[in-house]
Amino acid sequence: MKKLSDQEIIDSVKLGNQSDYSIIVDRYKDKAFSLLKKMLKNEQDAEETLQDCFIKAYNSLSSFKGEAKFSTWFYRIVYNTALTKLSSKKRKTENEMSSVDEHFNLKSDYDYNVSERKDMSEFINELVKKLPEKHSAIINLFYLNEMSCEEISKVMDISLSNVKVMLHRSRNALKDIIINNDLIEELI
Amino acid sequence: MNLLSDEILNKYLDGELDRNQSSEIEETLKKSENDRKRFNALKLIHKELSLTQEDKVSAEFTNNVMARLSKKFALQKQQNYFIISIASILALFCLGIVVYVVITIISSSVPQTESPQITETVNRLGTTLISELKKLFSGQNLSIIGSIFSLSILISGYFFFEHQKRGKINLGA
């Protein structure tokens, strides 16, 4: 059966076929959930916030003109909702530059134990969870959602160079842990 | 000692360098064990992150979202009915006033060509109706009607906002 494009589904929903929206929900729920889980660092909050995001996206469908990809538009809603949720939890909200300049030190709060390690992927994901929200969001959008840096810059509303700086900085932080703990030989 | 910066290694990993720059990096990586170790670590992270599996939401997630949307539609429908009924009452009220004005105009300018009997009947009816309406809309009565009208708008507004508030709470639940 032919897979309907996002635009075709949205057109159908706009014509009054409300139930077609469930196709969009099914298509994006897991990836968006992964992004929220990494940003909010709490599964329950992530699921509740994701429900709000889908409702919000539905209410704003009339403003979606199809100029950008639906995924970019939707992830922008998800990302901004996560930031609002974080700020409402009185967490620190940074502006674009402060997040780029942000110095984080994974080594200090990282306690590696070879015997507890289940697998490499899980191990690296644990490290990603320790990154600041915006950095883990970039890692998630780049690797899991396979977005280009240009698309990520549109989602996060920051410049392309800042996306690259944050992506490189996140990878370097992970790399330093692996090298400093002499894990490269074990992990390869 | 590091011969290559982290930035260059990241750019090489992302394929952002041209052929000449890439060849230089490859040469350096062959010579420098330290840089090779750093690059291998980056490559490993890149590979592992590319294989990351997405997290799964609960099985009922889609149904919950669609249920919330259905609630929202039901609420919107109720609100629309409420608005339509209030608008109808106000429209009837306004129609009454318009009819009154029209009758006044007709009765004051009945054409002379009409037969005297019809003219007389229309005039009689018109005069009676107008005198009744004049009574209704004059002096103290007019203030009472105005007050009733304003009160009905206030009560409708109150119920409308209460209804909306309850709806929002239900949607949030």
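This is a stop-by-stop tour of a predicted model with chains A and B, moving from chain B to the interface and then to salt bridges within chain A.

**Stop 1: chain B as a whole**

Start by selecting chain B and colouring by secondary structure. You should find six helices and zero strands, and reading along the sequence gives the pattern α-α-α-α-α-α. Chain B has 173 residues, of which 25% count as buried. Switch on a surface if you like: chain B exposes about 12,000 Å², and carbon and sulfur atoms supply 62% of that area. For a contact map, keep pairs with a separation of 6 or more; residues 24 or more positions apart account for 68% of those contacts in chain B.

**Stop 2: Ile97(B) and Phe137(B)**

Next, pick helix H4 of chain B, residues 61–108, and find Ile97(B) within it. Ile97(B) has a relative accessible area of 34%, so it is partly exposed. Now add Phe137(B), 40 residues from Ile97(B) along the chain, and draw a distance between the two C-alpha atoms: the model puts them 9.8 Å apart.

**Stop 3: the interface between the chains**

Bring chain A back into view and select the residues in contact across the two chains. The selection should hold 43 residues from chain A and 34 residues from chain B. The size of an interface is often given as the accessible area lost when the parts come together. Here chain A and chain B bury about 3,700 Å² between them, with 64% of it on carbon and sulfur atoms.

Polar detail comes next. Across the interface of chain A and chain B there are 15 residue pairs in polar contact, both partners being at pLDDT 80 or more. Which elements of chain A give two or more residues to the side that touches chain B? They are H2, helix H3 (43–59), H6, helix H7 (133–144), H9 and helix H10 (184–187) of chain A. H2(A) gives the most, with eleven residues. If you colour that side of chain A by residue class, you will get 21 nonpolar, ten polar and twelve charged residues.

**Stop 4: salt bridges across the interface**

Keep both chains on screen and show the charged side chains. The count between chain A and chain B is seven salt bridges. One to zoom in on joins Glu16(B) to Lys164(A), at 3.6 Å from N to O.

Then select Lys175(A), Asp176(A), Asp6(B), Asp35(B) and Arg38(B) together, since these residues are linked in a network of salt bridges.

**Stop 5: Arg38(B)**

Stay with the network and centre on Arg38(B), which sits in helix H3 of chain B, residues 33–50. Is Arg38(B) buried or exposed? Its relative accessibility is 6%, so Arg38(B) counts as buried; the cut-off for buried is under 20%. The side chain of Arg38(B) also reaches the backbone oxygen of Leu4(B), at 2.8 Å.

To see what surrounds Arg38(B), leave aside its neighbours within four places in sequence and show the contacts that remain. From chain A they are Lys175(A) and Ile179(A). From chain B they are Asn2(B), Leu4(B), Ser5(B), Asp6(B) and Leu9(B).

**Stop 6: salt bridges within chain A**

Over all chains, the salt bridge count comes to 19. Three pairs in chain A make a good set to visit.

- Select Asp26(A) and Lys29(A), whose side chains meet at 3.1 Å, N to O. Both lie in helix H2 (residues 21–40) of chain A, three residues apart, about one turn of the helix. Asp26(A) is partly exposed at 40% relative accessibility, whereas Lys29(A) is buried, with a relative accessible area of 14%.
- Move to Glu126(A) and Lys129(A), which form a salt bridge at 3.4 Å, N to O. The two are three residues apart in helix H6 (residues 120–129) of chain A, so about one helical turn separates them. Lys129(A) is partly exposed at 37%, and Glu126(A) is likewise partly exposed, at 37%.
- Finish with Asp157(A) and Arg76(A), whose closest N and O atoms are 3.6 Å apart in a salt bridge. This pair links distant parts of the chain, 81 residues apart: Asp157(A) is in the loop between helix H8 (149–156) and helix H9 (160–180), and Arg76(A) is in helix H4 (residues 70–88) of chain A. Asp157(A) is exposed, with a relative accessible area of 53%, while Arg76(A) is partly exposed, at 33%.

Terms used: Residues are numbered from 1 along each chain as its sequence is written. Chains are lettered from A and ligands numbered from 1 in the order in which they are written. This is a predicted model: local features need pLDDT of at least 70, side-chain atom pairs count only at pLDDT 80 or more; totals for chains, interfaces and linings use all residues. Side-chain values use heavy atoms; hydrogens and water are left out. A salt bridge is a side-chain nitrogen of Lys or Arg within 4 Å of a carboxyl oxygen of Asp or Glu. Helices (H or I, at least four residues) and strands (E, at least two) are DSSP runs, numbered from the N terminus. Buried means under 20% relative accessible area, exposed over 50%, partly exposed in between (1.4 Å probe, protein chains only). Contact means heavy atoms within 4.5 Å. Buried area is the accessible area (1.4 Å probe) that two parts lose on being put together, summed over both. A polar contact is a pair of N or O atoms within 3.5 Å; within protein, one must be able to donate a hydrogen and the other to accept it, and residues adjacent in sequence count only if both atoms are side-chain atoms. Ala, Val, Leu, Ile, Met, Phe, Trp, Tyr, Cys and Pro count as nonpolar, Asp, Glu, Lys and Arg as charged, and the others, Gly among them, as polar. Accessible areas come from the Shrake-Rupley method with a 1.4 Å probe; for residues, only the protein chains shown count as cover.
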